[in-house]
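Visitor: I am new to this structure and should be grateful for a close look at a single part of it. Please take one helix and then show how its surroundings are built.

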Amino acid sequence: MHITTSFFYGHQNILNNKGFSKFPMFICTAILMFGCKTGTLERNKNYNKKPNIVFLFADDLGWVDVSTGNTNGNRGSKIYETPQIDKLASQGISFTNAYTNQNCAPTRASLISGQYPTGIDNQVYNVGSLNRQDQRTQGFPNLPIKPFKQQKVISEDGINIFDVFKSQGYQTAFVGKSHGTPHPLKGDYGIDLPADIHHIITGFVQGEKTKSYYLALNSDNVGWTFGSEYVDKYAKPYDQEYIDGVLKPCNTQSELSLLKATPKHLTDAIGDFSVDYIKEKANDERPFFLYVPFHAVHSNVVGRKDLTQKYLKRGLSKRISEYASMIELLDQNVGKINRALKDPNGDGDFSDDITNNTLFIFYSDNGGIYRNDPLTGIKGHLNEGGIRVPLIVCYPDIIPENTITSQAVHSIDFLPTLADFAGADISELKKKDGSKPQYDGVSFTGILTGEETRLSRTNLFWHLPGYMDERFSPSTVIQKRFGDDYYKLFYFYETEEFTMYHLNKDISEKTNLLKNPTSKNLEIALNMNTEMLAWLKANNAPTGTWVENGGKVPYPKGNGVLKYNN
């Protein structure tokens, strides 16, 4: 489904600025349905009030690492505190079946490119390479498959999500972790303000080369630094003014006095940068796309001192206290950025509020790095614990408040979805060579607005033609929805074996339905097996080669699951 641009802009006086109360409900409903279903209205060319878009991207935040139950089927954490993320959930729509790739670089590459790793402009399957050492085999001496050699970053030649926004007159900014894109962030990626930054800060301190995780260094050469020309202005240690003006309003319930004169945490600095960007752009005639890929809560986990002490006093271990501290610190900065939309100049007067014309997204790049019960697996796995994450989207009066959907969506879907909101027709875009970009995602705009409960697309795919330590080996996965039921079929290339799980009844993926399949389960498996093979062929998906003879590793047989028929 395509939501026409006039739905958002031609009727903006009705739909935005809390205008529903001025019109009878049946009129509003008619406008919504007409705009959504006809696809024939054209945007008023004289109206350029397109929504700002703020995209906050957590790193390694698991499905059950937030305290809201909206995103995880009422399984919110009883340890980690995320009141600001919980508040977002009450203000927008939460997805219980939001998916990513298995770790950060491929997820970010898919989000920005709009393509699976198999896409021509993507080709990023893993962090670094697909030949990551497996501790079971001391560096792959006995593994049967030579992995495919992937790209480390997406192509500059593609029309990525930033390019889409630029085509519609948006200002684009990137502050945080660059993965799937180069670091330093150089090249033609459509980013006006490329403030990428690494969470490992190095420099000479008192003549010695020093490394710091997340905390600013007092470098001999440049003073307090995060190693970033864009973010260094926020690197000065915590002082009383910052504590009183920025941290106290967060209601941390921690001993803030512990922070005075201590090094600034990178997560706070990224939040500060984002707040200032919003302040600068709030009254600009041109809309903005602010992409904030945080490093929190990625290992090595280093929390903020006051928050770590808060959790240590509760009797938690040092490791879990640092993790809880990092999650709450992330949450505080989510709230800080959201408040900046409400009061961009920070004077306490909300007359400059831009919330009603801002689409606000909170998402994570892969599953958590600790226990994700009841999900099996962690970051790096293709089990649900590695790929299912929190997702919340807010847009006042456009997205209904405090709603929940079980529709499965993936990082590939954001490009076409946000293109809808920006007024871009991605079918008309062209690359530098004149060819049209090919996108794998579909728009879930109708899910956001409440006009649809299901997408016409029923399947998602994951393909990994290589290895990542103990967490994955060459494999392909298809997830498919039959009605409201989600099934998941794995194929493992080394052994030529399949496994299948019914996620609605077995979210922990404990019961392999192919072990003693019913005729119904075998029929479902055969359907998914066929679609998996068709997708692999259509995308010319690489599989690597056999070490023994150099031959190409074959795709699964189209009816391979029938061998489990008893």
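Guide: The following account begins with one helix and then turns to its surroundings and to some other parts of the chain.

The model is a predicted one. Its protein chain contains 14 helices and 20 strands. Of the 566 residues in the chain, 60% are buried. Among contacts between residues at least 6 apart in sequence, 69% join residues at least 24 apart.

The helix chosen for the close look is H5, which spans residues 104-113. H5 is mostly covered, with 10 of its 10 residues buried. The buried residues begin with Cys 104, Ala 105 and Pro 106, continue through Thr 107, Arg 108, Ala 109 and Ser 110, and end with Leu 111, Ile 112 and Ser 113. The list thus includes Arg 108. The cover over these residues includes three strands, namely E1 (52-58), E11 (288-293) and E12 (358-364), together with the helices H6 (161-167) and H12 (414-422). After H5 comes Gly 114, which has a positive phi, near 75 degrees.

One residue of H5 leads on to the nonpolar cores. The largest nonpolar core has 55 residues, and the members that touch the most others are Leu 56, Phe 226, Leu 290, Phe 360 and Phe 362. Helix H10 (residues 318-342) supplies the largest share of this core, 10 residues. Another core, of 47 residues, lies apart from it and includes Ile 112 of the helix under discussion, as well as Phe 55, Val 389 and Val 409.

Phe 55 also appears in an aromatic cluster. That cluster further includes Phe 57, Phe 162, Phe 165, Phe 289, Tyr 291, Tyr 363 and Phe 414. Phe 95, Tyr 170, Phe 174 and Phe 444 complete the cluster.

The structure as a whole holds 32 aromatic pairs. In one of them, the ring centres of Tyr 234 and Phe 273 are 6.2 Å apart and the planes stand at 70 degrees, so the pair is edge-to-face. Tyr 234 lies in the loop between strand E10 (223-225) and helix H7 (240-247), while Phe 273 belongs to helix H8 (residues 266-281), so the pair ties together parts that are 39 residues apart in sequence. Tyr 234 counts as buried because its relative accessibility is 10%, and Phe 273 counts as buried because its value is 7%.

Rings also meet charges. The charged end of Lys 264 is placed over the ring of Tyr 242, 4.3 Å from the centre. Lys 552 lies over the face of Tyr 555, at 5.2 Å from the ring centre.

Helix H10, already met in the largest core, also packs against helix H4 (residues 83-91). Their axes are 7 Å apart and form an angle of about 50 degrees, which means that H4 is oblique to H10. On the H4 side, the contact is made by Pro 83, Gln 84, Ile 85, Leu 88 and Gln 91. On the H10 side, Asp 331, Val 334, Gly 335, Asn 338 and Arg 339 take part.

Finally, the loop between strand E4 (145-146) and H6 contains Gln 151. Gln 151 counts as partly exposed because its relative accessibility is 46%. Leaving aside residues up to four places away in sequence, Gln 151 touches Asn 122, Gln 123 and Val 124. The C-alpha atom of Gln 151 is separated by 9.8 Å from that of Val 127, which is 24 residues away along the chain.

Conventions: Residues are numbered from 1 along each chain as its sequence is written. This is a predicted model: local features need pLDDT of at least 70, side-chain atom pairs count only at pLDDT 80 or more; totals for chains, interfaces and linings use all residues. Side-chain values use heavy atoms; hydrogens and water are left out. Buried means under 20% relative accessible area, exposed over 50%, partly exposed in between (1.4 Å probe, protein chains only). Helices (H or I, at least four residues) and strands (E, at least two) are DSSP runs, numbered from the N terminus. Contact means heavy atoms within 4.5 Å. A nonpolar core is a set of buried Ala, Val, Leu, Ile, Met, Phe, Trp, Tyr and Cys residues joined through side-chain atoms within 4.5 Å. Rings of Phe, Tyr and Trp (its six-membered ring) pair if their centres lie within 6.5 Å; planes under 30 degrees apart count as stacked, over 60 as edge-to-face and the rest as tilted. A charge sits over a ring if NZ of Lys or CZ of Arg is within 6 Å of the ring centre and within 35 degrees of the ring normal. Axes are lines fitted to C-alpha atoms, for helices over the stretch in contact, and angles run from 0 to 180 degrees between N-to-C directions. Angles under 35 degrees count as roughly parallel, over 145 as roughly antiparallel, 65 to 115 as roughly perpendicular and the rest as oblique.
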